[in-house]
Amino acid sequence: MSRSRRKTPIFGMTGAKSERRDKQTWHSRMRSLVRTVLTAIPLAQLDGYVAPIENEVGSVWEMAKDGKHYFRSDRQDAVATRFSRKGKTAIERQSLKIRLLRKWATK
């Protein structure tokens, strides 16, 4: 997968790299709630059991990422040029720009 590329440059609006911890916490809460409900219900009433809905456990608004946005290629180029000004030589600036554009192009 080292050569895989994004078909559409859509990124999450956040400083966080991932929502992994948020998802782990959410799933843990969900499993805990289902477990406690199932142990409290008698076996005769299990046919009428309805699982809790997702919003009872948590909200997507509490997670690290706050939606997504489209990062156009011309805007990527402008941002990469601005960030590459940190380089001291022209070759270093060019390599920084290329590295940033490749990073944004990968999955």
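Which residues does Ser84 touch, not counting residues up to four places away in sequence? Keep that question in mind while we get our bearings in this model, which is a predicted one. Ser84 lies in the loop between helix 2 and helix 3. There, Ser84 touches Arg93, Leu96 and Lys97. With a relative accessibility of 5%, under the 20% cut-off, Ser84 therefore counts as buried. For a sense of distance, look across to Leu38: the C-alpha atoms of Ser84 and Leu38 are separated by 57 Å, with their positions 46 residues apart along the chain.

One of the residues touched by Ser84, Lys97, also takes part in a salt bridge. Its partner is Asp77, and the N to O distance is 3.1 Å. This pair links distant parts of the chain, as Asp77 sits in helix 2 (residues 73-83) and Lys97 in helix 3 (residues 90-105), 20 residues apart. Asp77 is partly exposed, at 33% relative accessibility. As a general point, side chains of opposite charge can pair when their charged atoms come close.

By the rule used here, the salt bridges come to 2. The other joins the side chains of Asp74 and Arg72, again with 3.1 Å from N to O. Both of these residues are partly exposed: Asp74 has a relative accessible area of 47%, and Arg72 has one of 44%.

Now turn to helix 2 and its buried side. The buried residues of this helix are Gln76, Val79 and Ala80. Seen down the helix axis, they fall within an arc of 100°, so they line one face of helix 2. What covers them includes strand 1 (10-12) and helix 3.

Gln76 deserves a closer look. This residue of helix 2 is buried, with a relative accessible area of 9%. Leaving aside neighbours within four places in sequence, Gln76 is in contact with Pro9, Phe11, Phe71, Leu101 and Trp104. Arg20, by contrast, is 26 Å from Gln76, C-alpha to C-alpha, and 56 residues apart from it in sequence.

Several of those names come back in the nonpolar core. In soluble globular proteins, nonpolar side chains tend to be buried together. Here the largest nonpolar core has 6 residues, namely Phe11, Phe71, Val79, Ala80, Leu100 and Trp104. Helix 2 and helix 3 are the elements that give two or more residues to this core. To follow one member outward, try Phe11: apart from neighbours within four places in sequence, its contacts are Arg6, Gly67, Lys68, His69, Phe71, Gln76 and Trp104.

Finally, move to the loop between helix 1 (20-40) and strand 2 (68-70), where Leu43 is found. What does Leu43 form together with Leu38 and Leu46? These three leucines make up a nonpolar patch on the surface, with about 290 Å² of accessible area together. Leu43 itself is exposed, with a relative accessible area of 75%. Gly48 has its place in the loop between helix 1 and strand 2 as well, and at 62% relative accessibility Gly48 counts as exposed. From Gly48 to Asp74, the C-alpha atoms are separated by 56 Å, although the two residues are 26 residues apart along the chain.

Conventions. Residues numbered from 1 in each chain as written. Predicted model: local features only at pLDDT ≥ 70, side-chain atom pairs only at ≥ 80, totals over all residues. Heavy atoms only, no water. Salt bridge = Lys/Arg side-chain N within 4 Å of Asp/Glu carboxyl O. Buried < 20%, exposed > 50% of the residue type's maximum accessible area, 1.4 Å probe, protein only. Helix = DSSP H or I, 4+ residues; strand = E, 2+ residues; numbered from the N terminus. Core = buried A, V, L, I, M, F, W, Y, C linked by side-chain atoms within 4.5 Å. Contact = heavy atoms within 4.5 Å. Patch = residues over 30% accessible without salt bridge, like charges linked within 9 Å, V, L, I, M, F, W, Y side chains within 5 Å. Areas by Shrake-Rupley, 256 points an atom, 1.4 Å probe, with all protein chains shown as cover. Arc of directions from axis to C-beta.
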